[in-house]
Amino acid sequence: MSNHKIRVELPQHLRTLAGLTGNNEIFVEVVGDATQRALLDALEARYPALRGTIREHGKLKRRAFLRFFACETDISHESPDAPLPEAVASGREVFLILGAIAGG
Amino acid sequence: MSQVRVLVGTKKGAFVLAADGKRENWQVSGPHFGGWEIYHLKGSPADPNRIYASQSSSWFGQIVQRSDDGGATWNPVNNKFAYEGTPGTHQWYDGTPHPWEFKRVWHFEPSLTDPDSVYAGIEDAALFQSKDGGISWTELSGLRGHGTGPEWQPGAGGMCLHTVILDPEDANRIYIAISAAGAFRSDDAGQSWKPINRGLYSKYIPNPTAEVGHCVHHIAMHPTRPGVLFMQKHWDVMRSDDAGDNWRDISGNLPTDFGFAIDVHPHESETLFVVPIKSDSEHYPPEGKLRVYRSRSGGEEWEPLTRGLPQENCYVNVLRDAMAIDRLDDCGVYFGTTGGQVYASTNSGDSWSPIVRDLPAVLSVEVQTIP
């Protein structure tokens, strides 16, 4: 079974909630297939305060005002079980979680 | 000397205002959770260092924060509020069925005796309880399931359970209020519920005297007379002397009986405070004058309290959970405005001064009296 060390960038509010300081990206270890679901499961397991903030509790649906980007592409609507781009799985590119730029 | 701690929830964070019993010099800490909406914070009567805070945003949803040191530090606890069983539907604004969906916590009500026990009133309206300090939450589903739930409809601000009152003399008795369903009472610690809206008259609903459907804005109870309740409804200030079984209008000479906040003096059970707001389409004080009205006769006769409050060009609102009263002998009354001011009176409302003037819009104000 392969291990992946995936680079993740969180919105500032979620960094604070997770108790992270600074603006650097974080590394999340994913065991097995590198999918969006596996990555977010691993992220929430490492930072339990993030549960329910990126995906809704229950159905684990992406929250409406958040988007996932990788390799300069919006992959928000990809299946959560589809493989992440190889560049993300291998750690060359970052998995970016972005809040919609809206509201006051 | 006693201390008071005023807990302020705003559109962009939480603030803790602390002073000794003289309440002259205030220490302001915050913003805590800067940038997030803080609908409500409330301390445990059993342990003033235990405070629960509702933190939310449209982007990231609901967070529940807990402090065990009086608001100096905070830790997130469980934010999962799962309706019991299949949630079913309530009515949407247009009268069509709409599935129950969790949106946010409007109000925390800690137990009177156990700091780990706390109730949460949420939108879409339901009552949850934690018995482990917020580590887990369970719905008291008898409320939504008592029969009228499918008839409930949201108010303009959403279908929120915003008021939870625990009877200090009867641990089994709980009152709650929902916009726009009305008031409900449980006499068995939240297992079963009944609507308590007899006497309410709401001309804007198809049946103005319906069992449910009334837009109750807030309810207050005096702790030594838990059967006497005071209500600020959408329109009308109301009173019940029989634990909500019957209500009567006590609006009397108020300049308008629309408003949100209502509270009771801790030492004078017939002394009430409201902040009249012009109308449901103009959420600001009449004539641009910010006036608290006090009744010392249990309603009907009201006097305006204006000293220290702006009496011209004031167009702020005072929301339902944004008024609180401390328990000191010369009781302090506090309220926050959507303009970011938190006003305090240390003489039962005779005069007022701002503790802070330029916070984000204030959503809630609670006060802890610490011996």
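A helix here is a DSSP run of H or I at least four residues long. Keep in mind throughout that this is a predicted model.

**Figure 1. A close look at A:Leu14 in its helix.** We start in chain A, where A:Leu14 is found in helix H1, made of residues 12–17. Is A:Leu14 buried or exposed? It counts as buried, because 21 C-beta neighbours lie inside 10 Å and the cut-off for buried is 20 or more. Now find A:Leu50 as well: it is 36 residues away from A:Leu14 along the chain, yet their C-alpha atoms are separated by 7.0 Å. Leaving out residues up to four places away in sequence, A:Leu14 touches A:Leu50, A:Thr53 and B:Phe60. So one of the residues on that list, B:Phe60, belongs to chain B.

**Figure 2. Where chain A meets chain B.** Here 15 residues of chain A are in contact with 11 residues of chain B. Which element gives the most to the chain A side? That's H1(A), with three residues. The chain A side is a mixed bag: six of its residues are nonpolar, seven are polar and two are charged.

**Figure 3. Chain B, a chain of strands.** Look for helices in chain B and you'll find zero, next to 30 strands. Its radius of gyration is 19 Å, close to the 21 Å that the globule rule gives for 371 residues, so chain B is as compact as a globular protein of that length. Taken along the principal axes, the box filled by its C-alpha atoms is roughly 50 × 45 × 40 Å. Of the 371 residues in chain B, 52% count as buried. If you take the contacts in chain B with a separation of 6 or more, 50% of them come from residues 24 or more positions apart.

**Figure 4. Inside the nonpolar core.** In soluble globular proteins, nonpolar side chains tend to be buried together. The largest nonpolar core in this model has 126 residues. Which residues have the most contacts inside that core? They are B:Ile219 and B:Tyr334. Zoom in on B:Tyr334 and, skipping residues up to four places away in sequence, you'll see that it touches a whole list of partners, including B:Val6, B:Met323, B:Tyr343 and B:Val367.

**Figure 5. Strand E1 of chain B and its two partners.** Strand E1 of chain B covers residues 3–10 and is mostly covered itself, with seven of its eight residues buried. Eight bridges join E1(B) to strand E2 (residues 13–20), and the two run antiparallel. E1(B) and E2(B) form a hairpin with two residues between them. To spot one of the bridges, pair B:Thr10 with B:Gly13 in E2(B). What about strand E30 (residues 362–370) of chain B? Eight bridges join E1(B) to E30(B) too, and this pair also runs antiparallel. In E30(B), B:Val367 is the bridge partner of B:Val6.

**Figure 6. A loop residue, B:Pro48.** Our last stop is B:Pro48, found in the loop between strand E4 (37–43) and strand E5 (51–57) of chain B. Why is B:Pro48 counted as partly exposed? Because it has 17 C-beta neighbours inside 10 Å, which falls between the cut-offs of 12 or fewer for exposed and 20 or more for buried. Setting aside neighbours within four places in sequence, B:Pro48 is in contact with B:Gly43, B:Gly70, B:Gln368 and B:Ile370. Its C-alpha atom and that of B:Phe335, 287 residues apart along the chain, are separated by 20 Å.

How values were computed. Residues are numbered from 1 along each chain as its sequence is written. Chains are lettered from A and ligands numbered from 1 in the order in which they are written. This is a predicted model: local features need pLDDT of at least 70, side-chain atom pairs count only at pLDDT 80 or more; totals for chains, interfaces and linings use all residues. Two residues are in contact if their C-beta atoms, placed from the backbone, lie within 7 Å. Ala, Val, Leu, Ile, Met, Phe, Trp, Tyr, Cys and Pro count as nonpolar, Asp, Glu, Lys and Arg as charged, and the others, Gly among them, as polar. The radius of gyration is taken over C-alpha atoms; the globule rule is 2.2 Å times the number of residues to the power 0.38. A nonpolar core is a set of buried Ala, Val, Leu, Ile, Met, Phe, Trp, Tyr and Cys residues joined through C-beta atoms within 7 Å. Two strands pair if DSSP finds at least two bridges between them.
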